[in-house]
Amino acid sequence: MSSRTGATLRCHGPGQQLKAEELEVVAGPEETLVEMRLAAVTQADRSVVAGKQPTQPFVPGSEGTGVVVTSSVLEAGTPVVIRGEGVGVTRPGLWGRYAVVPDAAVHRLPATLDPVAALVLLTPALTAHTAVRRVAGVLEGETVVITGITSLVGRLCAAVARSAGATKVIGLARLGESVDVAAPLVDQIVRVDELGQIGRELPWCDAAIDTVGGPVTSGVLGHITPGGRVAVLGYKAGEFTTIDLHQLIGRDLRVLPVNLQRTVLEPGAVSQALADVAPAQFRPDVEVLPADRVADALDRNALDRRVFLDLSTF
């Protein structure tokens, strides 16, 4: 058992302000004590503050970064990202100087990734990790095509594919679309016209990560080698596509849905996903506020710009 006493923000019910209180937090078996650094302000946190938490008073905070104080799974001083296992939703959260969380909610922060970027990229990185590694199963030496390469998820898929060992990564982009943000992550850019027709220069590929759907899915299938697969995780180009059953059966192709709600992350997936996307060098536009300005953080999080609490200011 280990404990620390420090300032904590607790919610005492809907319509009431969060209150800073000195509380002792105690880590038990299979729990990690973390000295907090940053916490994201998420929609889940806003729901908690609105009075939808399971018990009162309650500590919000479902995503954050910090440094391990004591743990049975990581050494003291390890920088970590915290997410999952009901933290900040069904059990006390992270908005305090210290937090006690289940061991399974603690994920090693890659040394090559800034903590703010790690929090911003957490969800899209896990999406890319699931699509590329879990569903498509990209292997070393393969050629991979990624549709919608200029989107954030598309770029992260490229980074994960490269980390998984893909020899060649090809990105699909619309005609006239700037590809400056994606160019460093791919070996080739192939254009897609307004009808979803793919340029003939697209070579044969072992796997595709399709983030856009619609007619692009059909076009990509025509460039997949026998035994290859297409992992579909989006349909902003259309919910319907045409599949040539002759080529699907004749070339033994697989069309695989990426359903994140039904995917159970394996141990180490969060750290792996963040390490994979670190080379993308994403520079988030965020605002970091001291913990005593939590009310401002909650208001500003309604905007597009992400807001974080600096918990080291307690």
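**A walk through the sheets, helices and salt bridges**

Let us start at one pair of residues: Val144 has Ala207 in strand 11 as its bridge partner. Please keep in mind along the way that this is a predicted model. The two residues belong to a pairing between strand 8 (residues 143-146) and strand 11 (residues 205-210), where three bridges join strands that run parallel. From here you can step back to the sheet around them. It is an open sheet of six strands, and if you follow the order you will read 10-9-8-11-12-13, with parallel pairing. At its edges are strand 10 (188-192) and strand 13 (254-257), each of which pairs on one side only. On average, neighbouring strands in this sheet are turned by 20 degrees against each other, direction ignored.

Next, have a look at the helices. How do helix 3 and helix 6 meet? The axes of helix 3 (residues 152-163) and helix 6 (residues 269-277) come within 8 Å and cross at roughly 100 degrees. An angle of 65 to 115 degrees counts as roughly perpendicular, and helix 3 and helix 6 are therefore roughly perpendicular to each other. On the helix 3 side, the contact is made by Leu156, Ala159, Val160 and Ser163, and these meet Gln272, Asp276 and Val277 of helix 6. Sorted by class, this contact of helix 3 with helix 6 holds four nonpolar residues, two polar ones and one charged one.

Helix 6 has another partner to show you. Helix 2 (residues 115-135) packs against helix 6 at an angle of about 100 degrees, and their axes are 8 Å apart. That angle makes helix 2 roughly perpendicular to helix 6. If you colour the residues involved, you will pick out Ala118, Leu121, Leu122, Ala125, Leu126, His129 and Arg133 in helix 2. Across from them, helix 6 contributes Ala269, Val270, Gln272, Ala273, Leu274, Asp276 and Val277. The contact of helix 2 with helix 6 divides into 10 nonpolar, two polar and two charged residues. Notice that Gln272, Asp276 and Val277 of helix 6 appear in the contact with helix 3 and also in the contact with helix 2.

Now turn to strand 3 (residues 31-40), which gives a good view of another set of pairings. Strand 3 pairs with strand 6 in the antiparallel sense over five bridges, and here Leu33 stands opposite Val100 of strand 6. Strand 6 (98-102) is largely enclosed by the rest of the structure, because five of its five residues are buried. Strand 3 also pairs in the antiparallel sense with strand 15 (residues 306-310), over three bridges. Within strand 15, Asp310 is the bridge partner of Leu38. Carry on from strand 15 and you reach strand 14 (residues 286-290), which pairs with strand 15 in the parallel sense over five bridges. In that pairing, Glu287 has Val307 of strand 15 as its bridge partner.

For a close-up of a single residue, try Thr8. It is found in strand 1 (residues 2-10). Is Thr8 buried or exposed? With a relative accessible area of 4%, Thr8 is buried, since buried means under 20%. Leaving aside neighbours within four places in sequence, its contacts are Lys19, Ala20, Glu21, Leu23, Val59, Trp95 and Gly96.

We can finish with charged side chains. Side chains of opposite charge can pair when their charged atoms come close. In the whole structure, a search finds 12 salt bridges. One of them brings together the side chains of Glu31 and Arg91, at 3.2 Å from N to O. Glu31 lies in strand 3 and Arg91 in the loop between strand 5 (79-83) and strand 6, so this pair ties together parts that are 60 residues apart in sequence.

Arg37 forms a salt bridge with Glu35, and the closest N and O atoms are 3.5 Å apart. Arg37 counts as partly exposed, at 32% relative accessibility. A further salt bridge joins Arg83 to Glu63, where the closest N and O atoms are 3.5 Å apart. Arg83 lies in strand 5 and Glu63 in strand 4 (residues 63-70), so the pair links parts that are 20 residues apart in sequence. Arg83 is partly exposed, with a relative accessible area of 25%, whereas Glu63 counts as buried at 10% relative accessibility. Lastly, salt bridges that share partners join Glu35, Arg37 and Arg97 into one network.

How values were computed: Residues are numbered from 1 along each chain as its sequence is written. This is a predicted model: local features need pLDDT of at least 70, side-chain atom pairs count only at pLDDT 80 or more; totals for chains, interfaces and linings use all residues. Side-chain values use heavy atoms; hydrogens and water are left out. Two strands pair if DSSP finds at least two bridges between them. Helices (H or I, at least four residues) and strands (E, at least two) are DSSP runs, numbered from the N terminus. Axes are lines fitted to C-alpha atoms, for helices over the stretch in contact, and angles run from 0 to 180 degrees between N-to-C directions. Angles under 35 degrees count as roughly parallel, over 145 as roughly antiparallel, 65 to 115 as roughly perpendicular and the rest as oblique. Contact means heavy atoms within 4.5 Å. Ala, Val, Leu, Ile, Met, Phe, Trp, Tyr, Cys and Pro count as nonpolar, Asp, Glu, Lys and Arg as charged, and the others, Gly among them, as polar. Buried means under 20% relative accessible area, exposed over 50%, partly exposed in between (1.4 Å probe, protein chains only). A salt bridge is a side-chain nitrogen of Lys or Arg within 4 Å of a carboxyl oxygen of Asp or Glu.
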